[in-house]
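Open the model in your viewer and switch between cartoon and side-chain views as we go. Here is a short tour of what to select next.

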Amino acid sequence: MTAHPDDEAMFFIPAIENLKSQNYNIHLLCLTNGNFNKIGKIREIELEKCCKYLGIKCNIINDIEVEDSMTK
């Protein structure tokens, strides 16, 4: 599970690659598209491309309870 798009690349690629090498079926769950700067849709596309490149399944939820914000 990642909080934002790009977290999978910044923090988890070694773990993802290791698990894939052991034939695990990897699914990525993203809770928000990180729309703080109003580029959430772009980040969704980037995340989907990254998951495709990594060969893993991706699901983006966009839960408003975890929306990116400096005030929430």
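Select K41, K49, K52 and Y53 on helix α2: these residues are exposed (over 50% relative accessible area; buried is under 20%, with a 1.4 Å probe and protein chains only). The model is predicted, so local features need pLDDT of at least 70 and side-chain atom pairs pLDDT 80 or more, while totals for chains, interfaces and linings use all residues. Residues are numbered from 1 along each chain as its sequence is written, and side-chain values use heavy atoms, without hydrogens and water.

Now turn to the other side of α2 and pick G40, R43, E44, L47, C50, C51 and L54, which are buried. Look down the helix axis: the buried residues fall within an arc of 125° (taken from the directions from the axis to the C-beta atoms), so they line one face of α2. Helices here are DSSP runs of H or I with at least four residues, and strands are E runs of at least two.

Next, select residues 27-30, strand β1. Its covered face holds L28 and C30, and its uncovered face H27 and L29. Add strand β2, residues 57-60, which pairs with β1 in the parallel sense over four bridges (pairing takes at least two DSSP bridges). Among the partners, L28 bridges to C58.

Finally, visit N33 in the loop between β1 and α2. Is N33 buried or exposed? At 8% relative accessibility, N33 counts as buried. Its side chain reaches the backbone nitrogen of N35 at 3.2 Å.

Terms used:
A polar contact is a pair of N or O atoms within 3.5 Å; within protein, one must be able to donate a hydrogen and the other to accept it, and residues adjacent in sequence count only if both atoms are side-chain atoms.
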